[in-house]
Amino acid sequence: VLEGLEAVRKRPGMYIGSVSRKGLNHLIYEIVDNAVDEHLAGYCSLIHVILEKDGSCTVTDNGRGIPVDMHEKGVSAERLVFTTLHAGGKFDNSAYKTSGGLHGVGSSVVNALSTYLDIKISRDGYVHHDHYERGIPTIELEEGLLPKLGKTRQTGTSINFLPDPEIFEKTRFSATEVKSRLHETAYLNPELTIHFEDKRGAEVEDITYHEPDGIIGFIKDLNHSAEVLHDPVYLKGEADGIQVEVAFQFTNEFRENVLGFCNNIYNAEGGTHLTGFKTTFTTVMNTYAREIGVLKDKDPNFTGADIRNGMTAVVSIKHPEPRFEGQTKTKLDNQDASRATGKVVGEQMVLYFDRNLETLKTILSCAEKAAKIRKTEE
């Protein structure tokens, strides 16, 4: 059944970006992202992430539980998910409308790169159990099905795995990075609760992330130490089947900080959704600047950089078929994401600024200031 898992062990960087600490932490994100996809589908409200004393990690969710029934290949569906590349529910669009997982690759990649992976699935009234060592199953199936450990009324999946020191330079997870990623995930999913525990130190660290304000709370957090010029602005809408959410706020600082997310995954290098946002924002603001006389007839338009000076923004879209450059999703590539984001932002900005003239003037004065400084430097 090990279709392609040797390839993962041979070239792990292709699948998780690197074998440094960043790639190591990525293993946790893959498992967490699967649970988040279950939340997006409407079934999971709580995710528990534990960094265990022995260096392993346990991720538990209260979703439906990974399917355990017989697959047409003659084994439990769970086993295919963990031993075959592209066998997850993300691969045919029936199971998940939008997902951030690695195109059905995530679970099997984590399995391939772990010394062991142990999984308990609560589903259909029972707790089902499976165990792997370096990607190879060690439990005999009974007529293709997983052994049952006992009865339960709950549903969900619990996965405990230990990263393989043969693969990774370091096998100690970075709590700081994991916490930051989990907190980010909580901001992007206001109805989700994520519980984090680090049992490795002398004292157990225990944090719950739940952010009912969503990305507005995210913006406030990003700007907590800055002098802000207005309340966060929140825009939301849908175009071409793509959901778009944007929050932004301007501060007195001479920089911009625009973060892009697609299906809850942070796109470090941005991509088409950010392009759509920036282009539209610039166009609309220049139109307003002329309407209210900030720019006179002979004045050239403000540049995008002028207008975004002092901006903190979060652009989060949900796309049914995201295309990324590279397996670790640092940059979004879909052209329709640019159009959809632009359309929603354009419509919602006009609705907002027509009612909030003071905020508009505040933002345009930032642009004016930036343009003056730029002209003196030219």
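This talk covers a five-stranded sheet, two residues beside it, and the packing of three helices. Keep in mind that the model is predicted.

I'll start with the sheet. It is open, its pairing is mixed, and the strand order is β10-β11-β14-β12-β13. The edges are β10, residues 233-239, and β13, residues 265-266, each of which pairs on one side only. Inside the sheet, β12, residues 257-262, runs parallel to β14, residues 311-318, and six bridges join the two. As one position to look at, Asn257 has Thr312 as its bridge partner in β14.

Next, a residue on β14: Ile317. Is Ile317 buried or exposed? With a relative accessible area of 0%, Ile317 is buried. Setting aside neighbours within four places in sequence, its contacts include Ile242, Gln243 and Val244, then Phe261, Cys262 and Asn263, and also His273, Leu332, Ala337 and Thr341. Asn264 lies 53 residues from Ile317 in sequence, yet the C-alpha to C-alpha separation is 7.9 Å.

His273 brings us to helix α8. This histidine is buried too, because its relative accessible area is 0%, and the cut-off for buried is under 20%. Beyond four places in sequence, His273 touches Gly260, Phe261, Cys262 and Asn267, along with Val315 and Ile317, and then Leu332, Ala337 and Thr341.

Now the helices. Two packed helices are described by the angle between their axes and the distance between the axes. For α8, residues 272-291, against α10, the angle is about 35° and the axes are 7 Å apart. The crossing is right-handed. On the α8 side, the residues in contact include Thr272, His273, Gly276, Phe277, Phe281 and Tyr288; on the α10 side they include Ala337, Thr341, Gly342, Val345, Gly346 and Phe353. Sorted by class, the contact has 10 nonpolar, 10 polar and one charged residues.

The other pair is α10, residues 335-355, with α11, residues 357-377. How do these axes cross? They come within 5 Å and cross at roughly 105°. That angle falls in the range from 65 to 115 degrees, so α10 is roughly perpendicular to α11. Tyr352, Phe353 and Arg355 make the contact from α10, while α11 supplies Leu357, Thr359, Leu360 and Ile363. By class, that contact has five nonpolar residues, one polar and one charged.

One residue to take away is Phe353 of α10, which is listed in the contact with α8 and in the contact with α11.

Conventions
Residues are numbered from 1 along each chain as its sequence is written. This is a predicted model: local features need pLDDT of at least 70, side-chain atom pairs count only at pLDDT 80 or more; totals for chains, interfaces and linings use all residues. Side-chain values use heavy atoms; hydrogens and water are left out. Axes are lines fitted to C-alpha atoms, for helices over the stretch in contact, and angles run from 0 to 180 degrees between N-to-C directions. Helices (H or I, at least four residues) and strands (E, at least two) are DSSP runs, numbered from the N terminus. Angles under 35 degrees count as roughly parallel, over 145 as roughly antiparallel, 65 to 115 as roughly perpendicular and the rest as oblique. Contact means heavy atoms within 4.5 Å. Ala, Val, Leu, Ile, Met, Phe, Trp, Tyr, Cys and Pro count as nonpolar, Asp, Glu, Lys and Arg as charged, and the others, Gly among them, as polar. A crossing is left-handed if the near helix is turned anticlockwise from the far one by less than a right angle, and right-handed if clockwise. Two strands pair if DSSP finds at least two bridges between them. Buried means under 20% relative accessible area, exposed over 50%, partly exposed in between (1.4 Å probe, protein chains only).
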